[in-house]
Amino acid sequence: MKYILFILAVILAVNVHAQTDVQHTPHGASYRVFTHNTGDKIKVNDVITFDFIQKTDKDSILMSSFITGNKGKAQVLPTEGLKDIAEVNLMEVFPNLALNDSVEVKIPTDSVFKGHDAQRPAFFPKGSNLVFVLKIEKIQSLNDAIAERNAGIEKAKADEAKLQANEAVAAAAYIASHKLVLKTTASGLKYVITKPSLKLKPQKGDTLLVNYAGRGLDDKIFDTSIESIAKASGLNQPGRTYEPYEVVVGAGAVIPGWDEGLLLLNEGSKATFVIPSLLAYGAQGMGAIAPYSTLVFDLELVKVKPIKHPIVAKPAAKKPVHKKYAAKKKS
């Protein structure tokens, strides 16, 4: 019985040794394949998807798909013409792997930083290695990868169109239910001036002081510069100083809907803006504001602080040609 157990232990040790036997690439990296799965090996031009950990010799993790949730993806290329030595070595390792294989690759940092040693970080001293641990999750031909990418693009476009259509329907319902009579600009900004003014009109680059309350189509206030509105809405803004918001209009410091809409107002006027997501936070959203959200703002342009704008000289008016002279000229 002891003899049989000894034989099994020897066989296991041989297998482990075989699976972790260190090999070398032509450009100096060492690697160990931890698994040897059956199936086709990766070929040049294949597109591979993989989980990875990038770390130092001391096991300090520099990057990890397990942390970011973003797997690596790369087309396997011929090494001729590649300049990045880390990429060259990885491309030399990939053709030795099959689907679900795991590998550890050690690339000497002396080769990575050759010729630009001043850029070597302290955690990569001379003689150290840049270490990759990879697991191959998917292998595709280039054509299959392109087809998958194109299908993904078309699906994203269709999803975006659907979300934009839903947004437009929800905005139209809001406008109808609130009986708003709005003007629409060429960009899609909808607005109504609720309190006109004949005071100074701002120009691009002027500094404006604006009071506002912003809400979604559910009428829930998400931000305001007015303390009474914040309290009435149960809005928790710790440390917020309630005063008119200062903005340089037209400088891109605020959402496009504000930059455009504020230039339509005069000092002292009030307005309601209905701003589509295209002119607000778009497909990304912002904090509690969901992607593809139309926003509604009630605003008051409290003050305009104009800058000195350049005077554009008007072209000199042409003097009328004397009829007598004109007649002579024709002749």
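This tour moves from the whole chain to selected salt bridges, a buried threonine and a charged surface patch.

The model is predicted, so local features need pLDDT of at least 70 and side-chain atom pairs count only at pLDDT 80 or more, while totals for chains, interfaces and linings use all residues. Residues are numbered from 1 along each chain as its sequence is written, and side-chain values use heavy atoms, with hydrogens and water left out.

Begin with the whole protein chain in cartoon view, where 8 helices and 14 strands can be traced; helices (H or I, at least four residues) and strands (E, at least two) are DSSP runs, numbered from the N terminus. Of its 331 residues, 33% count as buried, where buried means under 20% relative accessible area, exposed over 50%, and partly exposed in between (1.4 Å probe, protein chains only). Among contacts (heavy atoms within 4.5 Å) between residues at least 6 apart in sequence, 65% join residues at least 24 apart.

Next, select the salt bridges, of which the structure holds 15; each is a side-chain nitrogen of Lys or Arg within 4 Å of a carboxyl oxygen of Asp or Glu. In helix α5 (residues 142–177), aspartate 159 and lysine 155 lie 4 residues apart, about one turn of the helix, and their closest N and O atoms are 2.9 Å apart. Aspartate 159 is partly exposed at 36% relative accessible area, whereas lysine 155, at 53%, counts as exposed.

Then select lysine 305 and glutamate 246, whose salt bridge has its closest N and O atoms 3.6 Å apart. Lysine 305 belongs to strand β14 (residues 295–305) and glutamate 246 to strand β12 (residues 245–248), so this pair ties together parts that are 59 residues apart in sequence.

Move now to threonine 49 in strand β3 (residues 47–55), which counts as buried because its relative accessibility is 12%. Leaving aside residues up to four places away in sequence, threonine 49 touches Lys71, Gly72, Lys73, Lys135, Ile136, Glu137 and Lys138.

Finally, show the surface and select Lys195, Lys199, Lys270 and Lys303, which gather in a patch of positive charge. Such patches are made of residues with over 30% relative accessible area and no salt bridge, like charges being joined within 9 Å; Lys and Arg count as positive, and the place of a lysine charge is taken as NZ. Within this patch, lysine 270 lies in strand β13 (residues 270–275) and counts as partly exposed at 34% relative accessibility.

Notes. Patch = residues over 30% accessible without salt bridge, like charges linked within 9 Å, V, L, I, M, F, W, Y side chains within 5 Å. Areas by Shrake-Rupley, 256 points an atom, 1.4 Å probe, with all protein chains shown as cover.
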